[in-house]
Amino acid sequence: MSVETSKDVERFPIPNPGLEEHVERFTDVDKAAGDRAYHQIVMMLASVPVLAIAFVVVYFAVPKETYLSVFADRYNAQNLLLGLTGGLAVLLIGVAVIHWARTLMSDEEMVEDRHFAASPDADREEIAADLAWGIEQTGIARRGMIGKALAGALGVLALPALVPLADLGPWPTAELRKETIEKTIWAPGMRLVNDVTYQPLKASDLEVGQLVNAQPEKLHDLHGTAFQVEKSKSSIIIVRMDPNTIKIPESRKDWHVGGILCYSKICTHVGCPISLWEQQTHHLLCPCHQSTFDLGNSGLVVFGPAARALPQLAITTDAEGYLIAKGPFTVPVGPSYFERDSSLDFKEGDQ
Amino acid sequence: MAEPTTVSSTSPALDVKTPEQPAGINKLAGPATWVDDRLPLASMFKYKNKANFYVKKVFPDHWSFLLGEIALYSFIILLLTGIFLTIWFKPSMAEIEYEGSYQLMRGLPMSEAFASTLALSFDIRGGLLVRQIHHWAAMLFVASATIHMLRVFFTGAFRKPRELNWLIGVGMFSMSLIEGFAGYSLPDDLLSGTGLRFVDGLIRSIPLIGTWAEFFIFGGEFPGDLVIARLYMVHILLVPALLLGLVVAHLALVIYHKHTHYPGPGRTDRNVVGYPFFPIYVAKAGGFFFIVFGVSILMGATMSINPVWKFGPYNPAQVTAGSQPDWYMGWVEGAIRIMPNWEWHLAGTTWSWNVVLPGMGLMGLLFGVLGAYPFIEAWITGDKNEHHVLDRPRNVPNRTGLGVAGMTMYSMFWLAGGNDILATQFKLSLNQVTEFMRIAVFVAPVIAFLITKRICLSLQRADAERVLHGSESGVIERAPDGSYSEAHVPITNDEAFTLTQHEQYPALQAGPSLDANGVRNKGKGVSALRARASRWYFGQEITKPTAAEIEQAKHHADEDESTKALGH
Ligand code: HEM
Ligand code: FES
């Protein structure tokens, strides 16, 4: 097939020696070795039915809640035994067949010619001629408007095809945003309750340095989707710090109760609930991407990818001494979004 | 058609004959004959027809060709186990009270999706096994596809005529990430909810349309009650169907182009050396499918993965410390973590570059660069030939260097995804690790490139050395004049051919359509930029020994031998 040309000599300084010599395998020359491989393969395949029956036995006989301890780990017995029997059965088929291919089937290399990926010129010309003939048959050259009209008609079909997707979700117009992502159920007088027990909280429940996860009292009345949606926004953290060690700007001097401050728990980066509290520094760290907020300084970002301060909730106490919200959040909680200029949120230096 | 007016007397129609069975088909068994009577498979697939696929088609053999096979088989395993899971899984976010057999959660409100995942794990026999096989196979799928892609990259298997198949591969790769993410979200446990929250933030950050995209995808505010059903559709219908179509196209192209082979004696760009599809590959590839499947089952049996009952149902106010996405999303996570907190404010709007650049931007960049690479390289080299013999990575130092640089960048982003773990492990401050990573993602790839290129060049030099002077024998000889030298033994002709089989091209020259360089840039002007790129790409290459040099070296060696012989 390949005739060496002077060009080839330049490209390949060593002439192509052709395929390497075929070396016979042990199993080719030694009958005993061949027979051994043969027996191994048959034995492997013969164990598959045994394992398959064991699988069925395990399925019916091993109770679901049995556990086995192997080394330090605890395994569900049924899962382990089903997997071991089934897995080994499948694996053995594979090993047996590959063993067969490698030891007993021929391993002599074969050579096959390649063709160029491209069609030969003659074929291209023939196809081009056929197509030209077909186009000629349609008469489109003379009655060109048909083609344009058809292309236009097909193109415009995108409209009815895509427009119904407009109902994928409600449209986040300014009004809807006001009712959804810009709103939480926090309202004046709403009590702050413990995140787990829903018990209302008193100032005396918190010691200096302590952080409590909390929710609006009304969250408890919600269920299903409404509950999840609301919890994704209105979750808060309450911290008590020594008022003399923190910075409280003039505009927020009535927002706290004796050093008890309340912030949104939803990270302004991409919305993880923030949880890691460093008492000494008053820093709150988001476990997702480590944005760090200074709760002793109006929730400003001190580190990490978040760009906005944590929204603070103004609180006070009611007649019975329970902590309550003075009003809703003054800015939307959670990640920034396009339609609102978040540069007006609280920044370093604001009073 | 018109009837013939006359019938020639020699027409076979006049001969009286009993119909005869074609002899060959009789060799086939009954059912095969039945099929072949209706569908002439034998004619379609016989070797002499030189059809694209025939039973004796030759496939070359190499361990690195198994990587794509692993990806294919784990995809099949995912289809099989996935169908089993769909029988019980309920893609619903409706709230129910859990009544199943996992004691610790009885009476808790949770979504039906989570409850049905618990049912699969605790109430349906074999359900946990299949869930775990499914998840392990997903890991295997993404991992093997990634390594397979690296193999194709470093050996230059994406070159003409295989660019289209490379693009199909990039498409499958990107889709597998979507598929994996969608699957990870389905059980609606704490981790999957946290992942969804992250994606919600990611989508929201897209300039102009972010809020709209968020509301459209989630059917309103996060989390809403639609997204799991929608992701379910994506996970079990949309993406698997697309993947399946692409897999078929990918394999069809492999068959049509024939597999590439590594350089070696007898291997050229005009042939393919290997073993016949039937019986060798049917046995080897078929057997390998069972091995991959068997290993996945054993993994599902012995290695716990995604134990959702330990995380609990999704709770928007909770996050487990160290909550991490599946590993293949780790690089995006890392980029998000180390990105400076840039935000723009323009005319009453906010542009969240801190999220959209590392999230959407980086993913777009990776797939964009991957997709464009074959065309960029061809533009630089001006190479329009078909290639079927693979490159040894050392012989293409710049490509290999770029590949390693890309891998390094990916790894740096990936490591940054564990910046908190790094900080605690190495007792550093998180800030230091993050600052370091911000620099490392740009500097480390450059260093990696330079080092890799150096290594490639010295390997090339060593190859040339071997061809000219043979391999070091390890025997030190003392010459009569007292000097020492190591004796070299000539390498085999087969090896010498393998080491000199790669092509070396001159760099493109800038200039008008007139060709300074022979055929290669005929008919097309080469811009100064392109010529510069080409000079950089080919510069510094170690020219492989020419036939004359090899001849001369041989001559030298012979002379040495004879002088030595005389000396004794
Ligand atoms: C490339 C393909 C695929 C990947 C990467 C993938 C990945 C995943 C992952 C990571 C999970 C979470 C599993 C867990 O609970 O730990 C999952 C769940 C699931 N997948 Fe797939 N999958 C793929 C294909 C399929 C196909 C083809 C089907 C169905 C025909 C399917 C059906 C399911 C179902 C029903 C679940 C939810 C069950 C559960 O979580 O317990 N998957 N998938
Ligand atoms: S979500 Fe808090 S840092 Fe990313």
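In this report, a residue is called buried when its relative accessible area is under 20%, exposed when that area is over 50%, and partly exposed in between (1.4 Å probe, protein chains only). Helices (H or I, at least four residues) and strands (E, at least two) are DSSP runs, numbered from the N terminus.

You are looking at a predicted model, in which local features need pLDDT of at least 70, side-chain atom pairs count only at pLDDT 80 or more, and totals for chains, interfaces and linings use all residues. Residues are numbered from 1 along each chain as its sequence is written, chains are lettered from A and ligands numbered from 1 in the order in which they are written, and side-chain values use heavy atoms, with hydrogens and water left out.

**Confidence**

For the complex, the predictor gives an ipTM of 0.93 and a pTM of 0.91. The pLDDT score is the predictor's confidence in each residue, from 0 to 100. Its average over chain B is 89, and 90% of the residues there score at least 70. Among the elements of chain B, helix 3 (residues 66-88) has the highest mean pLDDT, 98, and helix 19 (residues 547-567) the lowest, 73. Please read residues 1-15 of chain B with care: pLDDT stays under 50 there. For this stretch the model has 3 contacts beyond four places in sequence, a contact being heavy atoms within 4.5 Å.

**Chain A: domains and a covered strand**

Chain A is assigned domain 1 (24-103) and domain 2 (180-344), with bounds that come from an automatic or database domain assignment. The C-alpha centres of these two domains of chain A lie 58 Å apart.

Now follow strand 6 (residues 236-240) of chain A, where 5 of 5 residues are buried. Ile236(A), Ile238(A) and Arg240(A) point one way from the strand, while Ile237(A) and Val239(A) point the other way. Strand 6 of chain A runs antiparallel to strand 5 (residues 211-216) of chain A, with 4 bridges joining them. It also runs antiparallel to strand 7 (residues 260-264) of chain A, through 5 bridges. Two strands pair if DSSP finds at least two bridges between them. Val239(A) is the bridge partner of Leu211(A), and in strand 7 of chain A the partner of Val239(A) is Leu261(A).

**Chain B: the iron site**

His134(B) and His235(B) each coordinate the iron atom of ligand 1 through NE2, at 1.9 to 2.0 Å. His134(B) lies in helix 5 (residues 127-154) of chain B and His235(B) in helix 9 (residues 227-257) of chain B, so the pair ties together parts that are 101 residues apart in sequence. Both are buried: His134(B) has a relative accessible area of 16%, and His235(B) one of 12%. Donors are N, O and S atoms within 2.8 Å of the metal (3.2 Å for Na, K and Ca); water is not among the atoms, so sites may look incomplete. The 6 donor atoms around this iron subtend angles of 87 to 179°, which makes the arrangement octahedral. Six donors count as octahedral if opposite donors are over 155 degrees apart and all others between 65 and 115.

**Backbone details in loops**

Two cis peptide bonds and two positive phi values are listed here.

| Residue or bond | Backbone value | Loop |
|---|---|---|
| Lys160(B) to Pro161(B), cis | omega near 5° | Pro161(B): between helix 5 and helix 6 (163-185) of chain B |
| Phe222(B) to Pro223(B), cis | omega about -10° | Pro223(B): between helix 8 (210-218) and helix 9 of chain B |
| His282(A) | phi near 65° | between strand 8 (276-278) and strand 9 (283-285) of chain A |
| Asn306(B) | phi about 50° | between helix 10 (277-302) and helix 11 (308-311) of chain B |

Notes:
Four donors count as tetrahedral if all angles lie between 85 and 135 degrees; four count as square planar and six as octahedral if opposite donors are over 155 degrees apart and all others between 65 and 115; anything else is irregular.
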